[in-house]
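Hi,

Here's the structure I promised to pass on. Have a look at it first, and then read on for what turned up.

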Amino acid sequence: LSVLPSSSIGELKAAAAQEFGQGFLKLLTADCRPLDLSLSLETAGVHHGDSLTAIVQEPRLAATDKAFALWCPGGGVVTWGDAESGGCHGEQLKEV
């Protein structure tokens, strides 16, 4: 996979997602450090020839009798259903 040295980690992730046909990827350095999508390759210390790991993350659904929660990789948790059973009518929770 090849991107311009001026690219961001986010742009690298998008290129990898397209190349691999997978939408939800987490990128890690060779020493298993997660990469910040907002950084440039240079700022993140990623250089030509470096090896990175792309981990496919799948959305996950959990449910009670009256409520649901959907964990979205990189996008928080969306809940819906009965508020007393854990639902919040489509509210999205961040950084969980």
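Before we start, a quick word on strands: here a strand is a DSSP run of E with at least two residues, and strands are numbered from the N terminus. Also keep in mind that this is a predicted model.

With that in hand, find Phe68, which sits in strand β4 (residues 67-72). Is Phe68 buried or exposed? Neither, quite: its relative accessible area is 35%, and partly exposed covers the range between under 20% for buried and over 50% for exposed. Phe68 also has company on the surface, where it makes up a nonpolar patch with Leu61 and Trp80. Together the three have about 300 Å² of accessible area.

Now compare that with Glu84, in the loop between β5 (76-81) and β6 (91-93). Glu84 counts as exposed because its relative accessible area is 80%, and the cut-off is over 50%. Try checking its spacing from Ala67 too: the two are 17 residues apart along the chain, and their C-alpha atoms are separated by 8.7 Å.

Then there's the largest pocket, which holds about 520 Å³ of space. It is lined by 19 residues, and the closest to its centre are Leu1, Val3, Leu12, Val46 and Asp50. Two or more lining residues come from each of α1 (9-20), α2 (41-44) and β2 (53-56), with α1 giving the largest share, three residues. What is the lining like by class? It has 12 nonpolar residues, five polar and two charged.

Happy exploring!

Notes. Residues are numbered from 1 along each chain as its sequence is written. This is a predicted model: local features need pLDDT of at least 70, side-chain atom pairs count only at pLDDT 80 or more; totals for chains, interfaces and linings use all residues. Side-chain values use heavy atoms; hydrogens and water are left out. Patches are made of residues with over 30% relative accessible area and no salt bridge: like charges are joined within 9 Å, nonpolar side chains (Val, Leu, Ile, Met, Phe, Trp, Tyr) within 5 Å. Accessible areas come from the Shrake-Rupley method with a 1.4 Å probe; for residues, only the protein chains shown count as cover. A salt bridge is a side-chain nitrogen of Lys or Arg within 4 Å of a carboxyl oxygen of Asp or Glu. Helices (H or I, at least four residues) and strands (E, at least two) are DSSP runs, numbered from the N terminus. Buried means under 20% relative accessible area, exposed over 50%, partly exposed in between (1.4 Å probe, protein chains only). On a 1 Å grid over the protein atoms alone, a cavity is a set of points where a 1.4 Å probe fits but cannot get out, and a pocket is an open set with protein on both sides within 12 Å along at least five of seven lines; lining residues have an atom within 4 Å of a point. Grid points are joined across faces, edges and corners, and a volume is the space filled by probe spheres set on the points. Ala, Val, Leu, Ile, Met, Phe, Trp, Tyr, Cys and Pro count as nonpolar, Asp, Glu, Lys and Arg as charged, and the others, Gly among them, as polar.
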